[in-house]
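Got your viewer open? Let's walk through this one together, one selection at a time.

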Number of protein chains: 2
Amino acid sequence: MQLKIQPIDIKVGKYKVVLNTIDAKEMGVHEGDRVIIKNHTVLKAIVDFTEDMISPGMVGLYHEVHEKLQKEWTDTVEVEPAEKPKSARIIRKVMDGKKLERDEIYELVRDIVQENLDDIEIAAFLTATYIRDLSEDETEWLTKAMIETGERIEFSTSPIMDKHSIGGVPGNKITLLIVPIVAANGLLIPKTSSRAITGAGGTADLMEVLAPVEFNAQQIKEMTEKIGGVIVWGGSTNIAPADDKLIRIEYPLSIDPHCQLLASIMAKKGAVGAQKVVIDIPTGAGTKIPDIKAGRKLARDLINLGERLGMDVDCALTYGASPVGRTIGPALEVIEALKVLETMEGPSSLIEKSAVIAGMLLEMGGVAAKGKGRELAIGTLKNGKALEKMKEIIEIQGGNPDITHKDIPVGKFTADLTAPANGYILEFYNKRIVHIARLAGAPNDKGSGVKIHKKRGEAVEAGQSVLTIYADKEEKLKEAIKSAREHLPIVVEGMLLEKVADVTEI
Amino acid sequence: MQLKIQPIDIKVGKYKVVLNTIDAKEMGVHEGDRVIIKNHTVLKAIVDFTEDMISPGMVGLYHEVHEKLQKEWTDTVEVEPAEKPKSARIIRKVMDGKKLERDEIYELVRDIVQENLDDIEIAAFLTATYIRDLSEDETEWLTKAMIETGERIEFSTSPIMDKHSIGGVPGNKITLLIVPIVAANGLLIPKTSSRAITGAGGTADLMEVLAPVEFNAQQIKEMTEKIGGVIVWGGSTNIAPADDKLIRIEYPLSIDPHCQLLASIMAKKGAVGAQKVVIDIPTGAGTKIPDIKAGRKLARDLINLGERLGMDVDCALTYGASPVGRTIGPALEVIEALKVLETMEGPSSLIEKSAVIAGMLLEMGGVAAKGKGRELAIGTLKNGKALEKMKEIIEIQGGNPDITHKDIPVGKFTADLTAPANGYILEFYNKRIVHIARLAGAPNDKGSGVKIHKKRGEAVEAGQSVLTIYADKEEKLKEAIKSAREHLPIVVEGMLLEKVADVTEI
């Protein structure tokens, strides 16, 4: 059918067109079907319906389709019904519990990357893998397909080190210590990190306080080869792009299918050329992996998948029921980490965890003897070499290397949560703390967050501050206080904290 | 956050707004999250993202949201992050294989009807029920919730009869005979039908050749009370609206979860007040239920669900591997059915199937003795009472009651598929025949379709026409011929038909 073009200047992230129902009926196509748009090139697009927005005889072209056709200067196009992509049938196979072939997984991942699938088709795929999981073979192919459909970094030297922390623990700023420790010992660690989705600050959000974090794959490679390590945002590269597209649908469904979790982590590591990887699996109440048995299974599956991909993977099951260190939110966390690098002063939970994981990497990388990694890591912190390396990393990424932890501004609006009586901290709800930090503005407002003065098991006196909320904006501080009042994040010896101090401007 | 309104005149069938990523970050919301729009009223909407379409400080309001707010004449609105609807968590429970409570199912169905769920959330729900199915209790609640969230017809007399055919058999025009037979015997049968989605003509598409089919619930009730029966399109009522919204997502996923199939059928019957129902379950190669065992299970499940809803359900397992009668496509099928009513001449497969199912209804309705229903049905056809009733139905729906089968125009472009040699028809592929009829223009072009001259097992001579393709438009006939050449719908004694006659204008 010849149809007149009507551009719709909306980006939908897909090749999508809108047909009037009358024309659609005439063509025998329904919503979600595909049509071919024939002109000089041939383009396949997903069909949307309208009864009034687009008149009969017209075809509404969303931004992506219009952009592709615009080069051809044309007024009308030939639109014809087309077959659905093979991937639609492949997704149905997953639903039916049938095993997929290698080629089918590659086909599916290519269609995801090339935006040939509608969101509801991807939602069905994710739901099916959440319920049925994929086999080890399928997960391996999925990971490889994710790696191969994106940019890859290939280093000419080895070993290439990497680390990853499964999310869910507030204040987990260890990457800011681990990368400089590892790089200071002569190993290469091209660390790509994420921004927070549900948290109060991903490593990329944190590092951004110190330096730009958006680089492409080539820049990451060059910087890493030059100084040994970087801490950048993975989202600005085209590394494992299928993963980002899957996460876009996983997030609103609040699911993280096991096989996708494995593939997501390992594809990103594989794509940057990592050969030796430590994965930090925080377990305990309030984390993504509340149960230690599930943590062990995840570790085994990651190690196994690593082997299939030719990567050496070690896992660390870590305590995740309490925040790491005592700060949550970008600026506050960076201050805490920098202070450790500068002075070795800081919470032992932060120093210990960083040293142990850095130590594992140092041993895997062959620069520390078996059992001596932690010691070397602590030494690298103490002798100032980690700080020196961190300054190099900040500088090469375009930040100010002379910055110290005292130079970093925090939110100027603060409020204290005080203890109503003498006692001990019995409960500390990670999720509520994170929620308060987010309401206060984290991670978008860099100075916003929460500083914890007392942690589980510690003694507290009546009137003493248990935590301080920081916010860049007064309005947001109020929201955070309101939430803290409604859902108390702390329990002191069975007594609920009820007092929240007024807003103080400092 | 106070944002300036920017209307987007696109209907998305949901309450949906578009935020600039900068504002969304500031608010801490992501794609698929919900926001509350505060003005005089409070409205909850789903969040979409843009980097350029909507400027920071603005909120793009899709048609549905804008329409709702427009009455308030305002330039800016307060937009705040909001919780996801409870239904999102309920869907997650289904994914996790946990049983739902009655209230949860009602909540979910209400949210579906009120468009509070995003398409990907509904896709996840359908995928999860496809894989896990729902229990009998859950399916009962689902059906009841579907009935109660829409319009209902309540008759003051009883019994109210109804029938339903599971789709998948081409040419299944039996409703055009059954409804007049049943109504001619004094029973009430308010038959709502569907239009074809993947077929060449649903009963509503067929009836539309004779009379209008779009009526509301009140009109259906009044017409049925007046003359005993109607044959209308269910889609123009607000009967079980949740079902239509689910089908909108099931179609592109090509799934029809068992529990949804049951609920879909029974909700529509329950909502029109049906008390005694016969369900036609075609089985055999190429139907929706290829396996007779699956057909029996479906029958048991339908009877069981009927009992739970207080409905008396009988099922007929019918032969579905061949078309019913010899015509496919709206006008051709109506001609075949009308001819039976007028003259009792027609294919025995059509007359027999209609008489048996009508007979079951006559027995259930107490107007025929046990075992005498078919006989009464045949008698009602023979004595002209069914034809008389059909004329009344056509007239009350606004059609011309004096129409005869000879008055109905068919497609003026035709092509014959001829046998290349003497032999017997060995195979007849339903799906290919339907595909050819659709390419020829059915169901949208009423005169388009396929007339079958020879069916499975029948003898055919070389050069004899096996089927004729009809089309209202020459272009479409060519498409249909092309497809028939590529995917032959018929096999004659192991020999493939290769010749297709040229286009003939009659």
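**Start at a strand pair**

Select Val278(A) and look across to strand 11 of chain A, where the bridge partner of Val278(A) is Asp314(A). Strands here (E, at least two residues) and helices (H or I, at least four residues) are DSSP runs, numbered from the N terminus. This is a predicted model, in which local features need pLDDT of at least 70 and side-chain atom pairs count only at pLDDT 80 or more, while totals for chains, interfaces and linings use all residues. Residues are numbered from 1 along each chain as its sequence is written, with chains lettered from A and ligands numbered from 1 in the order in which they are written.

**The open sheet**

Now show strand 10 (residues 276-283) of chain A together with strand 11 of chain A: they pair in the parallel sense over 8 bridges. Two strands count as paired if DSSP finds at least two bridges between them. Add strand 7 of chain A and you have an open sheet of 3 strands, in the order 7-10-11 with parallel pairing. Strand 7 (161-165) and strand 11 (312-319) of chain A are at the edges with a single partner strand each, so one side of each has no neighbour in the sheet. On average, neighbouring strands of this sheet are turned by 20° against each other, direction ignored.

Next, select helix 12 (residues 292-308) of chain A, which lies across strand 10 and strand 11 of chain A and runs at about 165° to strand 11 of chain A. Angles run from 0 to 180 degrees between N-to-C directions, and axes are lines fitted to C-alpha atoms, for helices over the stretch in contact. Contact between two residues requires C-beta atoms, placed from the backbone, within 7 Å. Helix 14 (residues 348-364) of chain A lies across strand 7, strand 10 and strand 11 of chain A, also running at about 165° to strand 11 of chain A.

**The barrel**

Which strands come next? Colour the closed barrel of 6 strands in chain A, which runs 1-5-2-4-3-6 with mixed pairing. Its neighbouring strands are turned by 45° against each other on average, direction ignored. Zoom in on strand 2 (residues 16-20) and strand 5 (residues 58-62) of chain A, which run antiparallel and are joined by 3 bridges. There, Val18(A) stands opposite Gly60(A) in strand 5 of chain A. Then add helix 2 (residues 63-70) of chain A, running at about 100° to strand 5 of chain A.

**Where the chains meet**

Bring in chain B. A rotation of 180° with 0.0 Å of shift along its axis superposes chain B on chain A, with an RMSD of 0.0 Å (least squares on the C-alpha atoms of residues with pLDDT of at least 70 in both). The two copies are thus related as by a two-fold rotation axis. To find that axis, pick Ile120(B): its C-alpha is the nearest to the axis in chain B, 2.4 Å away.

Now highlight the contact itself, with 35 residues from chain B and 35 residues from chain A. The largest share of the chain B side, 10 residues, comes from helix 5 of chain B.

**Zoom out**

Finally, view chain A whole: it has 18 helices and 20 strands. Its C-alpha trace spans about 75 × 55 × 45 Å along the principal axes.
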